[in-house]
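Biologist: Could you take me through one strand of this model in close-up? I'd like to hear how it is covered and what it pairs with.

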Amino acid sequence: MTTIEVPAAIDPVDRPEGSPADAESLAGTLLSNAARISEFADEAAALAAPNYLWLGEAASAYSEHAAAFAKKHEPMAATLKRVARGVDVFAEQLRTLKSDHTDLTGDISTYHRDRNDLIADVNAADDVTEAEIAALQERARGLTTQRGGLISEISSFTQRVTANEDFLVQLFTGADTTVEARRADGGIDPLALSAIGGMPSAADGPEKMAEWWAGLSEAEQEALIAAYPERLGSADGLPARARDDANRLLLDSDLTELRMKEKEGTLTSDERQRLENAEAAEEALKLADDYVVPGTDEKPGGSLWLYDPAAFDGDGRVAIGVGDLDTADDVSIQIPGIRTEMTDAPYYTDQAANLYESARYNGDGSSVATLFWLGYDAPTDWYDPATITEGRAADGGERLATAVDGLRASRADDPAHMTAIGHSYGSTTTSYAATEHDLAVDDVALIGSPGAGPADHASDFSVGEDHVYVGRNSRDLVAFMGDEGWARKDWIEGGLGVDPSSRDFDGQRFEAESTERGTFRNTDDHQRYFDRDSESLYNLGRIVDGHGDDTVGAEQTYDPWWRAAVDPEKSRTPTGDLPGRSDTGLNP
Amino acid sequence: MTEGVYYDPLATQILIPRWGTQASQLRAAADGISSASTSGLPSVAQGAAGVFLEMWETTERRASVASDVYADELRSTHGAYSNFDDEIARRMEALEAR
């Protein structure tokens with residue numbers, strides 16, 4: 001008699017308790033109240049301040065007592081805010097766990113179906129051959145292996161559910177007495193308190209940061225994000241997913257606090273600017289999150305890679321990604337130019353989405369992520385003296401190189417093909433990064449460039465001259481500002497360097513004319529490089545996809561000594577939506 | 001004893017309503033916390049959440065009462081200064097009448 005060992009059934013797995021939406025609602029209530037307490041502490045401190053209308057012993061006694069009262073409440077607001085953010089982190093993790101539970105339950109059902117089929121076949125087997133017995137045994141062995149895997153997954157899942165619930169309980173119990181509420185570290189999970197001590201400084205480099213993060217448990221990471229989102233949201237070397245989680249917490253917290261103050265009429269002018277920046281980030285992030293590649297069902301998802309709405313005297317710093325920055329085969333980073341502030345984030349996120357579409361549509365099937373990065377202080381406007389000098393570009397170049405090093409370090413074991421695309425003054429910034437800070441990308445594209453900053457020749461770039469691509473619309477007034485021929489920034493006052501589309505610079509110029517281009521040079525044509533179904537977007541997509549060799553080349557500009565600089569592209573008829581030249585996606 | 005005493009009634013007139021506003025703000029915060037629902041949390045966390053919310057509600061209500069007390073004390077201080085001023089004036093007038 002032959003025995004077929006059918007593995008045991010698997011008990012159903014409990015669905016994690018709780019509702020993510022309700023937990024988020026509770027977090028919102030706590031955040032609003034944290035903002036109220038913070039406002040109260042500020043106002044109480046102001047009311048306690050001595051003033052010239054009342055002097056004497058009574059006035060001093062009042063001031064002293066009221067100041068102490070105000071001071072007690074300062075840390076309480078921070079504690080409540082930390083707990084609120086922790087509840088948000090719990091809610092997000094609960095959402096993931098519920099989704100994982102659905103998947104796991106599906107896998108268990110499949111296992112039971114296969115198991116029942118096997119039992120039925122075994123019971124029906126009568127007078128079977130050796131080969132049929134071997135086949136049944138093979139199916140049983142397969143099911144045993146499958147069961148082992150599922151049991152292991154269930155165990156891991158259950159541990160994650162417990163860790164998430166423990167984290168929530170710890171949040172509440174760590175801040176449920178007035179003594180705890182008033183402590184500087186009130187509401188911080190002990191796991192986070194112990195882990196934060198090992199966090200390297202930015203000066204140690206992004207590799208150390210990445211190593212530190214990778215060495216933490218999931219529970220420690222979760223606790224750290226809840227407790228220290230300000231430190232983690234901009235920590236170069238951390239995975240984009242972790243930065244995104246931290247920055248979304250900061251964004252939610254800012255929006256809740258500032259909107260409440262706006263409603264109550266207590267916003268200061270600085271706070272109003274911060275609110276405008278936060279709302280722009282919210283809108284841009286929603287665009288990225290909800291983006292579906294036109295004509296397809298592909299939804300790459302968004303991420304908030306950098307969020308600092310108070311930076312640069314209120315201009316803000318922000319970076320928003322389309323696609324998965326942690327895993328994509330091809331990653332691009334777009335550096336904008338003058339007049340770019342955080343409030344422009346939705347416009348640039350649209351461009352990142354267009355670039356994503358182009359790279360995928362004409363691509364080789366590799367996965368893509370595009371990142372709009374405003375991590376430097378771009379000059380304010382055309383009239384800003386900083387616009388015709390390179391100080392901001394030099395500073396921005398260093399910041400850009402550091403940001404790219406961070407992206408690289410966050411996935412050192414899985415390096416992406418990376419492209420930096422500098423537009424307008426951002427091309428000068430990119431040139432600084434690639435010339436003076438060893439920008440760690442594979443390809444560079446400069447578009448609408450008013451000058452390549454410190455680089456005289458494409459070979460000055462860290463990527464090598466064959467990987468420096470240049471797009472210039474012949475009607476683009478700003479791109480006309482670059483030095484040509486004898487007119488060099490060393491000889492004239494101001495200027496941003498050599499026109500990278502020129503023969504002198506010798507980059508790989510590609511077609512970038514627009515069917516909507518003007519008759520004369522203008523600033524509108526400076527903004528058409530990311531238009532859908534345009535030559536420029538087509539070629540940028542090819543570069544991002546790692547196929548810069550496939551760009552459609554354009555003849556370089558040149559400057560004969562007897563006349564003004566010549567742009568051979570001026571007389572060429574532009575194409576639009578032409579396959580292999582300017583078709584960048586399915587028509588909606 | 002300080003080097004001198006100066007009291008302008010404007011001082012307390014400014015402070016009293018502002019403390020009153022703070023008291024209202026904290027009452028609103030306490031009400032907000034007391035109405036927060038924990039029903040969407042896992043059962044294992046509901047007890048801890050309840051204790052947590054109760055403590056914060058109590059703390060904020062106490063702070064609102066304290067703010068009201070500041071307003072009351074300042075009102076009373078203003079009354080004391082005024083009464084003292086009136087009393088001295090009355091005595092001076094009485095001296096003149098002798």
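Modeller: Start with A:Gly321, which stands opposite A:Leu371 in E5(A). A:Gly321's side of that pairing is strand E3 of chain A, residues 317–322, and E3(A) and E5(A) run antiparallel, joined by five bridges. Two strands pair here if DSSP finds at least two bridges between them. Strands themselves are DSSP runs of E with at least two residues, helices are runs of H or I with at least four residues, and both are numbered from the N terminus.

Then there's strand E4 of chain A, residues 330–335, which pairs with E5(A) in the parallel sense, again over five bridges. Within that pairing, A:Gln334 has A:Phe372 as its bridge partner in E5(A).

Now the cover. E5(A) spans residues 368–374, and seven of its seven residues are buried (under 20% relative accessible area, with over 50% being exposed and partly exposed in between; 1.4 Å probe, protein chains only). Both faces are covered: A:Val368, A:Thr370, A:Phe372 and A:Leu374 lie on one side, with A:Ala369, A:Leu371 and A:Trp373 on the other. So A:Leu371, opposite A:Gly321, and A:Phe372, partner of A:Gln334, belong to opposite faces of the strand.

A word on ground rules. This is a predicted model, where local features need pLDDT of at least 70 and side-chain atom pairs count only at pLDDT 80 or more, while totals for chains, interfaces and linings use all residues. Residues are numbered from 1 along each chain as its sequence is written, chains are lettered from A and ligands numbered from 1 in the order written, and side-chain values use heavy atoms, leaving out hydrogens and water.
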